Amino acid sequence: MNPLPVPRNRLVFIVLWLIGLAGCAAVPSPGPADGGFNLRGKIGVVDAAESFSARILWQQRDDAFSIDLWGPLGQGRVRLAGAGDYLELTDADGSVLDRGPAEAVMTRHLGWSLPLAVLPHWVRGRPAPGVPATAQTRDGEDRLTGFSQLDWQVQLERHQAVADDASGQVLPYRLTARRGPYRVRLAVSRWEI
């Protein structure tokens, strides 16, 4: 097996990782993530050879999403936008870098893909419905702190009440997902429900 090609631009690697999360034909669609959300924070990806990080602004409405990523001082800004299995990757100037089925876009750029269709559920602190999840762990307040799904081990940490949310929702402010040599960490600085 050949090693995975690693893009030179670190931000592109993160974008492409998220593209893989945008969908995977082999995974049943888990349905909408119970409405929408906005989150701001930082994302980091570590593979066997390198590590990368970027700031993230993610807007999710049912199965439609827009994810902006950028490096220090706004460098390398890109946007992932799509719905269902369709994805469009756009640079800061508005030029479309790639579009099409998420799995195909990911395979073209990295040679592998990941199931992003489940990530809206994971960031909200739960496994995606309709997809088997195992090894669930909970804290002393019965909040889910970890599970395995689609061969990923997911850890949920720093649960806090969402500011400006009258319902008093408590959501994780850090998610770490591991699979093989990959580790992805999302640190949320602000939730909007």
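**Group meeting: the sheet and the core**

Let me begin with one strand pair: β1 (residues 37-46) and β2 (residues 51-61) run antiparallel and are joined by 10 bridges. Within this pair, Ile-43 stands opposite Ala-54 of β2. Strands here are DSSP runs of E, at least two residues, and helices are runs of H or I, at least four residues, both numbered from the N terminus; two strands pair if DSSP finds at least two bridges between them.

The model is predicted, with local features needing pLDDT of at least 70 and side-chain atom pairs counting only at pLDDT 80 or more, while totals for chains, interfaces and linings use all residues. Residues are numbered from 1 along each chain as its sequence is written, and side-chain values use heavy atoms, without hydrogens and water.

The chain has three helices and 13 strands. An open sheet takes in 11 strands, in the order β6-β5-β4-β3-β2-β1-β13-β12-β9-β8-β7, with antiparallel pairing. Its edge strands, β6 (96-101) and β7 (133-138), each pair on one side only.

I turn now to the interior. Of the 193 residues, 45% count as buried, that is, under 20% relative accessible area with a 1.4 Å probe, protein chains only. The largest nonpolar core (buried Ala, Val, Leu, Ile, Met, Phe, Trp, Tyr and Cys residues joined through side-chain atoms within 4.5 Å) has 37 residues. Strand β13 (residues 182-192) gives the most to this core, with five residues. Leu-39, Trp-58, Trp-122, Val-123 and Trp-191 have the most contacts inside the core.

Finally, Trp-122: leaving aside neighbours within four places in sequence, its contacts (heavy atoms within 4.5 Å) include Pro-127, Phe-147, Trp-152 and Leu-175.

Terms used: Buried < 20%, exposed > 50% of the residue type's maximum accessible area, 1.4 Å probe, protein only.
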